[in-house]
Amino acid sequence: MPTSKIHALVHSKCPRCHVGNMFVGPAYGLRKQKTNDVCPVCNLTFEIEPGYFYAAMYVSYAMSVAEVVTFALATAVLTGSESPWTYMVVLFATIIIFSPFNFRYSRLILLHYMTPKIVYDPKWELLEENKNKSDI
Ligand SMILES: [Zn+2]
């Protein structure tokens, strides 16, 4: 059964096959995050041209602004504070805590939604399902 784009994005899967992992390891961990060079299933090169992930910075910036505005409003509503230090601490922590999330999902959003060259092909999923069945 074909996987939805949202499901593939949330689970950090390849935009073409929706099966292979785009990243090595979890988003939050002690190790540095690493993007696989190619998809382990369909062999798609994730960085489709040199420096392509620089475009993910724009996505990451938009995500950061949305998070900072949300947390600033939440802080204003919940604490009613007028001290700039409250906001500095909360927003600095927000940026630090969300940075691994932004790194990963900005690249995923870029490849899943903003790269018309990469099109989902359900044949890879079917091939992978058949391979798993034959292994049993
Ligand atoms: Zn793939």
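## How do we know that?

Me: How far apart are the end C-alpha atoms of residues 58-79, and what is that span made of?

Reply: The end C-alpha atoms of residues 58-79 lie 31 Å apart, and the span is 100% helix and 0% strand. Helices here are DSSP runs of H or I with at least four residues, strands are E runs with at least two, and both are numbered from the N terminus. Keep in mind that this is a predicted model, where local features need pLDDT of at least 70, side-chain atom pairs count only at pLDDT 80 or more, and totals for chains, interfaces and linings use all residues. Residue numbers start from 1 along each chain, as its sequence is written.

Me: What does UniProt call residues 58-79 and 85-103?

Reply: The unreviewed UniProt entry gives both of them the feature "transmembrane region". UniProt positions follow the numbering used here, feature names are shortened, and annotations may be inferred rather than shown by experiment. In the model, residues 85-103 are 100% helix and 0% strand too, with end C-alpha atoms 27 Å apart.

Me: How many helices and strands does the protein have, and in what order do they come?

Reply: You get four helices and two strands. From the N terminus on, the order is α-β-β-α-α-α.

Me: What makes the protein "more spread out than a compact globule"?

Reply: Set one number against the other: its radius of gyration is 18 Å, well over the 14 Å that the globule rule gives for 136 residues, so the protein counts as more spread out. That radius is taken over C-alpha atoms, and the rule is 2.2 Å times the number of residues to the power 0.38. The C-alpha trace spans about 65 × 35 × 25 Å along its principal axes, and 18% of the 136 residues count as buried.

Me: How do you know whether α2 has the span expected for its 24 residues?

Reply: The expected span is 1.5 Å times one less than the number of residues. For α2 that comes to 34 Å, and its end C-alpha atoms are 34 Å apart, so the two agree. After α2 comes Gly80, with a positive phi near 65°.

Me: What about α3, with its 30 residues?

Reply: Helix α3 (residues 84-113) falls short: its ends are only 37 Å apart, against the 44 Å a straight helix would reach. There's a bend of about 45° at Ser99, with Pro100 following within four residues. The bend is the angle between axes fitted to the seven residues ending there and the seven starting there.

Me: Why is Arg16 called buried or exposed?

Reply: Count its neighbours! A residue is buried with 20 or more other C-beta atoms within 10 Å of its own, exposed with 12 or fewer, and partly exposed in between, the C-beta atoms being placed from the backbone. Arg16 has 22, so Arg16 is buried. His18 has 24, so His18 is buried as well. Both Arg16 and His18 sit in the loop between α1 and β1.

Me: And why do Ser12, Arg31 and Asp37 get their labels?

Reply: Ser12 has 17, so Ser12 is partly exposed. Arg31, in the loop between β1 and β2, has 8, so Arg31 is exposed. Asp37, in the loop between β2 and α2, also has a count of 8, so Asp37 is exposed.

Me: Which residues does Arg16 touch, and what counts as touching?

Reply: Two residues are in contact if their C-beta atoms, placed from the backbone, lie within 7 Å. Leaving out residues up to four places away in sequence, Arg16 touches Cys39, Cys42, Leu44, Ile118, Tyr120, Asp121 and Trp124. On the same terms, Asp37 touches Thr45 and Phe46.

Me: What makes a "nonpolar core", and which residues are in the largest one?

Reply: A core is a set of buried Ala, Val, Leu, Ile, Met, Phe, Trp, Tyr and Cys residues joined through C-beta atoms within 7 Å. The largest has 12 residues, among them Cys14, Met22, Phe46, Leu108 and Trp124. Its largest share, four residues, comes from α3. What covers the buried residues of α3 includes α1, β1, β2 and α2. Leu108, for one, touches Leu9, Ser12 and Met22, not counting residues up to four places away in sequence.
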